[in-house]
Structures are given as structure tokens and as C-alpha cells.
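Thanks, everyone, for making the time; I would like to talk through aromatic contacts and then turn to pockets. Please have a look at the sequence and the structure before I go on.

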Amino acid sequence: MSGGRGASAGWAGPGGQRLGLLGRFVVYGLIGWCIECFFTSVVDLASGAGDLRLKGYSYLWMHPIWGVGLLLGERLSLGLQRAGLTRATRALVGMALCFAVEYATGALLVGLIGRCPWDYSASQWSVNGLIRLDYAPFWWMCSWLYEPLGALIRRVHIGAEAAEPGPVLEAEPEPQAVSPASPALWAASATRAPLPKPTAQAVSGL
């Protein structure tokens, strides 16, 4: 597994191209599907309708609904931040947006296909079977968590080139130890100049 700044530049670093409107729409829709499956599995388990398999479900309609809703949330969140509202207050406004999008899209689907995929009519907290007011804490939490998630997605880059590795320096060879019995020492002693022999004149003078 590679690491370092070169590896991180491919998703949120400099270079490449940021996700456009369509790319963020696709990503937000996929996130919405994951949230739906997680939420329905936990709610069904708590209500006794599910089991420990934690089987969640959603609808194909929910992808474009979440995609459009979170794109609207981008503009709303940035505008509220510029207005200086606290994060908790921004989450309250986001909660209202979630209710509005859920109600509007549910009513639109009723007009298009004759029914809404989700039906809250059995709950005393429902409004026309399209939204549930007791889900307010859930939508508030979604709005609270959306801000760092949205900021992360807006930083994603596609096609960023990884940083080129620097030049690799070759290691210098380590000096090898020479043993006393090395042939090199014997060769050096063999080439040493011999001592001069005494001449006959020098011997006769003794």
C-alpha cells in the first residue's frame, strides 16, 4: 500500500479536476441509498419488524431525490455560513429543507405514478402520509453531519497525477575487510625489493 503526499494528491490534493454538478449528484444519490438502507434496517429491528440480519431497503426513486436534495443543501449551507448562523441553527434550517424536499417529491410521485413509495399514513405523526414529524431528530442529525461530508466531497479531485518520485541515490559500496591471509598482502610482500648482497671486495676488506 503506497502512502505519502503523492498518493493523497489523487483524491483531494492539487491537480486533476473537481467533481462537477453531475458528479456530486451521483455521489449524493449513492450516499442517500446507503443512509436509507442503514436507517430502515435499524428502525425495523427496533420496532420488531426486522431481525439481526439488519435487512435494509430503499427505492430507485430515492437516488435522484437525495441527489437533488443534497445539491440544494450545498447552496443553503454555504449561504447560512456566510450569514453567520451557528451550526446548530443551520442544522435546524437543513431539517426544514429535508421535510420540504420529502413532502414535495412524495406529492410529485403521487401525481406521476399514483402513489408514494414511502407511506407514513399509519403513524399519528404523519402529514398526508408523506412526512413524519417524529423524524425531526433524524433529519436534524443528517443536516448536522452533512456539512463536513459535503465539504469533503467538494474537495475530491478526479484524475490528479501523483507526485513524481525523486531521484534514487545509489548506495556507495561498503569497504571490504581484508584478512591477514589475503593474497593481496602476499603479493605485496613478494614484490618488495630484495636486500643487496655483499660484494667480494667488501668481504676481502674484513
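When the whole structure, which is a predicted model, is searched for aromatic pairs, seven of them are found. The one I would like to dwell on is formed by Trp 66 and Trp 139, whose rings lie 6.0 Å apart from centre to centre, with 40° between the planes, and which is therefore classed as tilted, given that planes under 30 degrees apart count as stacked and those over 60 as edge-to-face. This pair links distant parts of the chain, since Trp 66 belongs to helix 3, residues 62-82, while Trp 139 belongs to helix 5, residues 136-155, with the two positions 73 residues apart in numbering. Both Trp 66 and Trp 139 are buried, and they take part in one aromatic cluster together with Phe 39, Tyr 120, Tyr 135 and Phe 138.

A contact of another kind involves Trp 144, where the charged end of Arg 87 sits over the ring, 4.1 Å from its centre.

Now to the pockets: which residues are closest to the centre of the largest pocket? The space in that pocket comes to about 940 Å³, and of the 43 residues lining it, those closest to the centre are Glu 36, Trp 66, Glu 102, Phe 138 and Trp 139, so that we meet both members of our tilted pair again. At least two lining residues come from each of helix 2 (21-47), helix 3, helix 4 (87-113) and helix 5. Sorted by class, the lining of the largest pocket holds 27 nonpolar residues, nine polar ones and seven charged ones.

Terms used:
Residues are numbered from 1 along each chain as its sequence is written. This is a predicted model: local features need pLDDT of at least 70, side-chain atom pairs count only at pLDDT 80 or more; totals for chains, interfaces and linings use all residues. Side-chain values use heavy atoms; hydrogens and water are left out. Rings of Phe, Tyr and Trp (its six-membered ring) pair if their centres lie within 6.5 Å; planes under 30 degrees apart count as stacked, over 60 as edge-to-face and the rest as tilted. Helices (H or I, at least four residues) and strands (E, at least two) are DSSP runs, numbered from the N terminus. Buried means under 20% relative accessible area, exposed over 50%, partly exposed in between (1.4 Å probe, protein chains only). A charge sits over a ring if NZ of Lys or CZ of Arg is within 6 Å of the ring centre and within 35 degrees of the ring normal. On a 1 Å grid over the protein atoms alone, a cavity is a set of points where a 1.4 Å probe fits but cannot get out, and a pocket is an open set with protein on both sides within 12 Å along at least five of seven lines; lining residues have an atom within 4 Å of a point. Grid points are joined across faces, edges and corners, and a volume is the space filled by probe spheres set on the points. Ala, Val, Leu, Ile, Met, Phe, Trp, Tyr, Cys and Pro count as nonpolar, Asp, Glu, Lys and Arg as charged, and the others, Gly among them, as polar.
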